[in-house]
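Dear colleague,

Please find below the structure I promised to hand over. My notes on what was found in it follow directly after.

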Amino acid sequence: MLDLTELVDVEVTLAYIKYAIFVIVKMMLMSPMTAFFRMKKKAFANPEDAASFGKDEAVKKYLRTDPDVERVRRIHLNDLENIIPFLFIGFFYSFTGVDLSTALLHYRIFLGSRIFHTIAYLVPLPQPCRGLAWGAGYLVTFSMVYRLVMVGLSLS
Amino acid sequence: MLDLTELVDVEVTLAYIKYAIFVIVKMMLMSPMTAFFRMKKKAFANPEDAASFGKDEAVKKYLRTDPDVERVRRIHLNDLENIIPFLFIGFFYSFTGVDLSTALLHYRIFLGSRIFHTIAYLVPLPQPCRGLAWGAGYLVTFSMVYRLVMVGLSLS
Amino acid sequence: MLDLTELVDVEVTLAYIKYAIFVIVKMMLMSPMTAFFRMKKKAFANPEDAASFGKDEAVKKYLRTDPDVERVRRIHLNDLENIIPFLFIGFFYSFTGVDLSTALLHYRIFLGSRIFHTIAYLVPLPQPCRGLAWGAGYLVTFSMVYRLVMVGLSLS
């Protein structure tokens, strides 16, 4: 087994992995949350799901969209749209020779912004709370892109 | 070119890449399947698509949602929500010094769970078939997260 | 810090990172574009968003779906469905000992296909413009899968 610590200063990449796991777990928790709201509000997308909660007439009645369910689904989609770019960019960024403290600052703000985004979306808090939370994570990702571009330019 | 085999026991990472390719190809096949159902059911989201299958009145008629098309789209979205976390977590997991056989068990159960999930969603099989298929893949991913956390704690 | 250039021919992986950043940034730009169309068309998904643009009756009126907004959202979802597989497959592919020029050809066609796909979707151009753009990117990804399979078979 390779002892990576002998070869590279892997602290930043290990920090990346740690925060990547946090945001992935946060994103994955949206699945059971969607299921919970579908059951609580009796609002299903598939007849075979509604059939678990009633027969015939009930199945038809439960085959519907519900604002709260759609809200949770939008959080999940927004997570996919924002967290996945972060996961790739943050990985590349961890190899740019950045200081551990600077990298941690980026990773922590991103994690915080996505947690606050979910809270602001769920409550819901009045705008611009959710917008600012989204914007903070978006800017963190672009800040890492900026460093990648600068490092790339210095190589060529 | 680096001969990685001299440096690391790459068997697990190579196994990861193999199964990652399988699940990515499985996920990518949902795109032509959606197109197939849209054409078969004449249910399009864009006027320019419907226009390939008729004129004026037909375009309006074909601009509609269809339960079967929406079902395939939900499979694709569910794949994105579950397979992408697996791809990241499974990659990190392959560097935790795990036994090849244990890793293969995780990767194979995940692949099987996603294939069975798609079948259960498409047929559709009565619940809880699809729910169990989804849950198996979800638990596999969290089992890998668990190992990552344990290894991380032993490092610090 | 590891000087990777001493260990591996990293040119292809660096090229991958460069094009990965391009397509990720392209994908991320769909978020502000969705927000722009939502504001321009006054079509919001959340009451708290609509409330920024009016009161009571206006909030109800602005809580609606709009064909242009949905169009941009479909571009974003299509990006997720196609760009994320590319990001993983392209990463694995960069380690197959492929020529830099061949790899660049793949990465550049993919980037071009996704930019043209977005233009064809936004204008919208008549079909099969968008279909061909999508197909070009899809084939590039499968061409890389093909090489990965061939290299994998030669290893075993």
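His117(A) is located in helix 7 of chain A, which covers residues 100-122. Please note that this is a predicted model. His117(A) counts as buried because its relative accessibility is 1%, and buried means under 20%. Leaving aside residues up to four places away in sequence, its contacts are Asn78(A), Arg130(A), Ala133(A) and Trp134(A).

A second residue to consider is Leu122(B), which belongs to helix 7 (residues 100-122) of chain B. With a relative accessibility of 28%, Leu122(B) counts as partly exposed. Residues up to four places away in sequence again not counted, Leu122(B) touches Met33(B), Arg71(B), Val72(B) and Ile75(B). Its C-alpha atom is separated by 14 Å from that of Asp66(B), a residue 56 residues apart from it along the chain.

I turn next to the packing of helices. Two packed helices are described by the angle between their axes and the distance between the axes.

Between chains A and B, the helices numbered 6 (residues 67-93 in each chain) have axes that come within 11 Å and cross at roughly 30 degrees. Helix 6 of chain A is therefore roughly parallel to helix 6 of chain B, since angles under 35 degrees count as such. Their crossing is left-handed. On the side of chain A, the residues that meet the partner helix are Arg73(A), His76(A), Leu77(A), Leu80(A), Ile84(A), Leu87(A), Phe88(A) and Phe91(A). Chain B contributes Leu77(B), Leu80(B), Glu81(B), Ile84(B), Phe88(B) and Phe91(B). By class, the residues of this contact comprise 11 nonpolar, 1 polar and 2 charged.

Within chain C, helix 2 (residues 11-28) and helix 3 (residues 30-41) pack at an angle of about 15 degrees, and their axes are 4 Å apart. The angle makes helix 2 of chain C roughly parallel to helix 3 of chain C. Lys26(C), Met27(C) and Met28(C) of helix 2 make the contact with Met30(C), Ser31(C) and Pro32(C) of helix 3. This contact has 4 nonpolar residues, 1 polar and 1 charged.

Finally, a word on confidence. The model scores are ipTM 0.90 and pTM 0.92. For chain A, the average pLDDT is 90, and 94% of the residues score at least 70. Over residues 1-7 of chain A, however, pLDDT stays under 50, and the model has 11 contacts beyond four places in sequence for this stretch. Where pLDDT is low, the predicted coordinates should not be read in detail.

With kind regards

Definitions and conventions
Residues are numbered from 1 along each chain as its sequence is written. Chains are lettered from A and ligands numbered from 1 in the order in which they are written. This is a predicted model: local features need pLDDT of at least 70, side-chain atom pairs count only at pLDDT 80 or more; totals for chains, interfaces and linings use all residues. Side-chain values use heavy atoms; hydrogens and water are left out. Axes are lines fitted to C-alpha atoms, for helices over the stretch in contact, and angles run from 0 to 180 degrees between N-to-C directions. Helices (H or I, at least four residues) and strands (E, at least two) are DSSP runs, numbered from the N terminus. Angles under 35 degrees count as roughly parallel, over 145 as roughly antiparallel, 65 to 115 as roughly perpendicular and the rest as oblique. Contact means heavy atoms within 4.5 Å. Ala, Val, Leu, Ile, Met, Phe, Trp, Tyr, Cys and Pro count as nonpolar, Asp, Glu, Lys and Arg as charged, and the others, Gly among them, as polar. A crossing is left-handed if the near helix is turned anticlockwise from the far one by less than a right angle, and right-handed if clockwise. pLDDT is the predictor's confidence in each residue, from 0 to 100. Buried means under 20% relative accessible area, exposed over 50%, partly exposed in between (1.4 Å probe, protein chains only).
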